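Subject: A structure for you to look at

Hi,

Here is the structure I promised to pass on. Have a look at it first, and then read on for my notes.

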Amino acid sequence: MSVKYTDIRPRKIVIPGLQKSYRFLHITDAHILLYDENETPDRADYAAPRVAMFAENGISTTRRLDAIWTYIEENAAQLDGVLLTGDILDYPSEPNLAYLRVKLDKLEQLSLPYVFVVGNHDWAYFNDYHTPHSKQADLPRFAAFSGGNTLIHKQRIGEVTFIALDNTEELYADGLAEALEQALQGEENVLLMQHIPLCVDTLVPDTVSYWNRDINIGATGIQKNENWKKVQQLILAPQSPVKALITGHLHFWHMDMLGGKTPQYITANAANGSAALFTVCGE
Ligand SMILES: [Fe+2]
């Protein structure tokens, strides 16, 4: 019996004026759950049932991500980059981080650039969740994958500029909107990457049906502060170079128009084998 390990779906972003066509594989929410004997008993007890819970059809999240990496290796010549929007790891254990490092090293060996932004799970254990300690001790461990700055970083691939924002504490930190405004200066073709989507009316019903509440940031969702309004304004400004948002977190597929204008793509969880193959082209 053959088992389907991956569900890679095509998506297309048209940016008028682009001279070339690009292909980016988007991966999010793999929830890798490796741990070893160095883990404290309570953390091991937490992880064990999640290994079973995330193993859709008995296939571990590690095997799912390995299968996506096999796809990358087989199609590297047709790809221009890999986009990762968080919760690749379920917690920052040593085996998880070592696994992630091997995966990202593989991309470098294949000469494939990647853009990595953290998710709410990557950098926090359940019993040290987004504490000052986890922020100080574990979040910075992802800086090496995030252009040296987990909060915001910018990377150009061909004619496209990716800007990655950390909104994993269910908010945009004070100063982040201003940093985004600066990062957008002089840019023409920006794709914004963040873990948690922004609220869009058309996204609310599916979010509430899956999660029992709106876990997106903004209007009908989570409003820990008001900074999302500034970020949204920058995205929707008349001359904004932001052409689309690429996000995850929700574990299902969706596409909505933010402000009726800018597409926000949500890719389903790689824990179930999902990934999106974006074609970014001029027409
Ligand atoms: Fe998440």
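Let me start with a single residue: aspartate 87 is buried, because its relative accessibility is 1% and the cut-off for buried is under 20%. Its phi is near 55°, a positive value in a residue that is not glycine. You will find aspartate 87 in the loop between E3 and H3. Please keep in mind that this is a predicted model.

Serine 111 makes a nice companion to look at. Its phi is also positive, at about 60°, although serine 111 is not a glycine. This residue sits in the loop between H3 and strand E4 (114-116). Is serine 111 buried or exposed? Its relative accessible area is 62%, so it counts as exposed.

One more loop residue is worth a click. Aspartate 138 lies between helix H4 (132-137) and E5, and it is buried, with a relative accessible area of 9%. Leaving out residues up to four places away in sequence, aspartate 138 touches Pro92, Trp123, Asp128 and His133.

Now the chain as a whole. Its secondary structure consists of seven helices and eleven strands. The radius of gyration is 18 Å, close to the 19 Å that the globule rule gives for 283 residues, so the chain is as compact as a globular protein of that length. The C-alpha trace spans about 55 × 45 × 35 Å along its principal axes. Of the 283 residues, 56% are buried. As for contacts between residues at least 6 apart in sequence, 74% of them join residues at least 24 apart.

On to the strands. As a general reminder, strands of a sheet pair through backbone hydrogen bonds, in either a parallel or an antiparallel way. Here, six strands form an open sheet with mixed pairing, in the order E5-E6-E7-E8-E10-E9. Strand E5 (152-157) and strand E9 (254-258) are the edge strands, each pairing on one side only. From one strand to the next, the twist averages 20°. At the E5 edge, E5 pairs with strand E6 (residues 160-165) in the antiparallel sense over six bridges, and glutamine 155 has phenylalanine 162 in E6 as its bridge partner. Helix H7 (residues 227-236) lies across E6, strand E7 (190-194), strand E8 (242-247), E9 and strand E10 (262-266), and runs at about 85° to E9.

Strand E2 (residues 22-27) deserves its own view. Five of its six residues are buried. E2 pairs with strand E11 (residues 274-281) in the antiparallel sense over five bridges, where histidine 26 has alanine 276 as its bridge partner. With strand E3 (residues 81-84), E2 pairs in the parallel sense over four bridges, and there phenylalanine 24 is bridged to glycine 81.

Finally, a helix pair. How do helix H2 (residues 61-75) and helix H3 (residues 94-109) pack? Their axes are 11 Å apart and meet at an angle of about 10°; H2 and H3 are therefore roughly parallel to each other. On the H2 side the contact is made by Thr62, Leu65, Asp66, Trp69, Ile72 and Glu73, and on the H3 side by Tyr99, Lys103, Lys106 and Leu107. By class, this contact between H2 and H3 has five nonpolar, one polar and four charged residues.

Happy browsing, and all the best!

Note on methods. Residues numbered from 1 in each chain as written. Predicted model: local features only at pLDDT ≥ 70, side-chain atom pairs only at ≥ 80, totals over all residues. Heavy atoms only, no water. Buried < 20%, exposed > 50% of the residue type's maximum accessible area, 1.4 Å probe, protein only. Helix = DSSP H or I, 4+ residues; strand = E, 2+ residues; numbered from the N terminus. Pairing = 2+ DSSP bridges. Axes fitted to C-alpha atoms, helices over the stretch in contact; angles between N-to-C directions. Parallel < 35°, antiparallel > 145°, perpendicular 65-115°, else oblique. Contact = heavy atoms within 4.5 Å. Nonpolar A, V, L, I, M, F, W, Y, C, P; charged D, E, K, R; others polar. Rg over C-alpha atoms; globule rule 2.2 N^0.38 Å.
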